Amino acid sequence: MTLAEPASHAVSGVALTLRGVRRDYAGVRALQQVDLRLEPGAVLALLGPSGCGKSTLLKLLAGLEAPSDGEIWFGERLVATAHEQQPPQRRQLGMVFQDYALWPHLSVFANVAFPLQMQKVPRGELVQRVQQALQSVGLEHLAQRAPAALSGGQQQRVALARALVARPSLLLFDEPLSNLDRDLRESLSEDIARLLRELGTTAIYVTHDHEEACAVADQVAVMRQGQVEQIASPRDLWNAPASAWVARFLKLGAVLPARRNGQGVWLGEGLPCLAVPGNSAGSGDMDTGELLVPDSAIVLCAPDGSAWQARVHGQQYRSGSYRTTLHLPNGAVLHTDTRQRLAARQAVGLHIDAAQLRWFAASDHTATSGG
Ligand SMILES: Nc1ncnc2c1ncn2[C@@H]1O[C@H](COP(=O)(O)OP(=O)(O)OP(=O)(O)O)[C@@H](O)[C@H]1O
């Protein structure tokens with residue numbers, strides 16, 4: 001198959017298709033069989049632990065590396081196979097990196113103008129587009145400054161304007177906010193999300209930060225060992241994690257070994273039975289698996305107010321409430337948030353909202369939720 005030429009005019013928001021994409025380095029399979037499809041204008045966050053293949057996937061999309069197998073399509077354009085790759089400059093990409101990558105000797109204006117100069121855009125149009133891009137990131141008043149005279153957040157806004165000014169069909173973000181403090185990350189991720197939606201640009205956004213991924217993206221791909229473990233909207237990811245691993249990675253609550261049959265689910269010998277709705281186990285033999293118990297499923301009560309007994313292991317104050325660690329009689333650890341200050345080793349009762357629990361079979365990724 002030969003690679004198509006890019007369209008001569010700027011295309012906003014291209015569809016993205018990956019089919020069977022694999023990438024091997026000497027002795028390391030960094031990506032194995034990645035298949036995904038992104039609609040034009042959609043924003044996909046790649047989230048996953050260190051080494052899961054996020055940067056490798058980004059490099060393949062950027063054309064900085066070639067797949068060992070599979071196909072990458074931008075809309076109707078085949079941009080990469082193992083045998084043939086379109087170079088980065090022909091892919092109509094914008095990129096925003098963690099370290100901003102601005103030219104230190106050029107002004108803010110000149111940095112943003114750079115991609116248009118490369119495209120030999122006429123001066124009048126160039127000035128107008130640079131001003132527009134700077135306006136969209138709220139920096140038009142700093143056009144003549146040098147990057148060194150800007151804060152980290154402002155520098156990243158310049159990088160964003162530079163990526164947007166060329167009207168790319170795909171924007172790639174590589175941990176763009178990880179050098180910034182939490183408040184700035186929040187405000188800038190909101191701005192990025194708004195801009196991407198206004199412009200209708202398709203984007204891939206690599207991050208380690210769950211909240212940032214959900215703030216920016218329509219879809220989140222959770223990656224594990226070179227594969228996409230789950231791809232879903234932020235809401236579906238939180239409400240319906242596909243596996244115990246995803247639930248753990250997203251820190252959705254305690255994920256505990258459990259057993260079940262048709263009568264219910266048990267977290268251990270001698271503990272009360274949980275009536276997890278939708279439990280599809282047969283009435284006979286016990287099934288082993290894991291149970292997700294979100295923090296929000298647990299409400300504390302007096303020790304004699306429930307069949308569930310626990311002891312307080314410790315508390316940590318966190319913006320308005322105490323995150324409380326609880327030990328069940330069999331040693332299992334649960335967490336909940338409460339406004340009550342409790343003593344270590346204090347006995348408490350628990351109400352567990354079974355509707356929020358989620359069962360994961362040991363042998364597969366099939367989850368049964370209470371919701
Ligand atoms: N040039 C390379 N040569 C050999 N192995 C590599 C190379 N680049 C990446 N890898 C390996 O491929 C796997 C995926 O790496 P990648 O950088 O894509 O992970 P990541 O999810 O981006 O990690 P991080 O979040 O730490 O940046 C890792 O095991 C890594 O060691």
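**View 1. Separation of domain 1 and domain 2.** In this predicted model, the C-alpha centres of domain 1 and domain 2 are 41 Å apart. Domain 1 covers residues 16-239, and domain 2 covers residues 252-361.

**View 2. The span annotated in UniProt.** An unreviewed UniProt entry lists residues 16-250 as "domain: ABC transporter". Helix makes up 36% of residues 16-250 and strand 27%. Between the C-alpha atoms at the two ends of this span the distance is 26 Å.

**View 3. The shell around the ligand.** Which residues surround the ligand? They are Tyr25, Val28, Ala30, Gly48, Ser50, Gly51, Cys52, Gly53, Lys54, Ser55 and Thr56. By character, four residues of this shell are nonpolar, six are polar and one is charged. Lys is counted as charged, Gly as polar and Val as nonpolar.

**View 4. Elements that supply the shell.** Two elements, β2 (28-38) and α1 (54-62), each give at least two residues to the shell around the ligand. Which element gives the most to this shell? It is α1, with three residues.

**View 5. Helices α3 and α4.** Helix α3 is formed by residues 123-136 and helix α4 by residues 152-165. Their axes come within 9 Å and cross at roughly 135 degrees. Angles over 145 degrees would count as roughly antiparallel; α3 and α4 are therefore oblique to each other. The crossing of α3 and α4 is right-handed.

**View 6. Helices α2 and α3.** Helix α2 is formed by residues 108-118. The axes of α2 and α3 come within 9 Å, with a crossing angle of roughly 125 degrees. An angle of 65 to 115 degrees would count as roughly perpendicular, and one over 145 as roughly antiparallel, so α2 and α3 are oblique to each other. Their crossing is right-handed.

**View 7. Helices α2 and α4.** How are α2 and α4 oriented, roughly parallel or roughly antiparallel? The axes of α2 and α4 come within 8 Å and cross at roughly 25 degrees. Angles under 35 degrees count as roughly parallel, and α2 and α4 are therefore roughly parallel to each other. The crossing of α2 and α4 is right-handed.

Notes
Residues are numbered from 1 along each chain as its sequence is written. This is a predicted model: local features need pLDDT of at least 70, side-chain atom pairs count only at pLDDT 80 or more; totals for chains, interfaces and linings use all residues. UniProt positions are given in the numbering used here, feature names are shortened, and annotations may be inferred rather than shown by experiment. Helices (H or I, at least four residues) and strands (E, at least two) are DSSP runs, numbered from the N terminus. A residue is near a molecule or strand if its C-beta atom, placed from the backbone, lies within 6 Å of it. Domain bounds come from an automatic or database domain assignment. Axes are lines fitted to C-alpha atoms, for helices over the stretch in contact, and angles run from 0 to 180 degrees between N-to-C directions. A crossing is left-handed if the near helix is turned anticlockwise from the far one by less than a right angle, and right-handed if clockwise.
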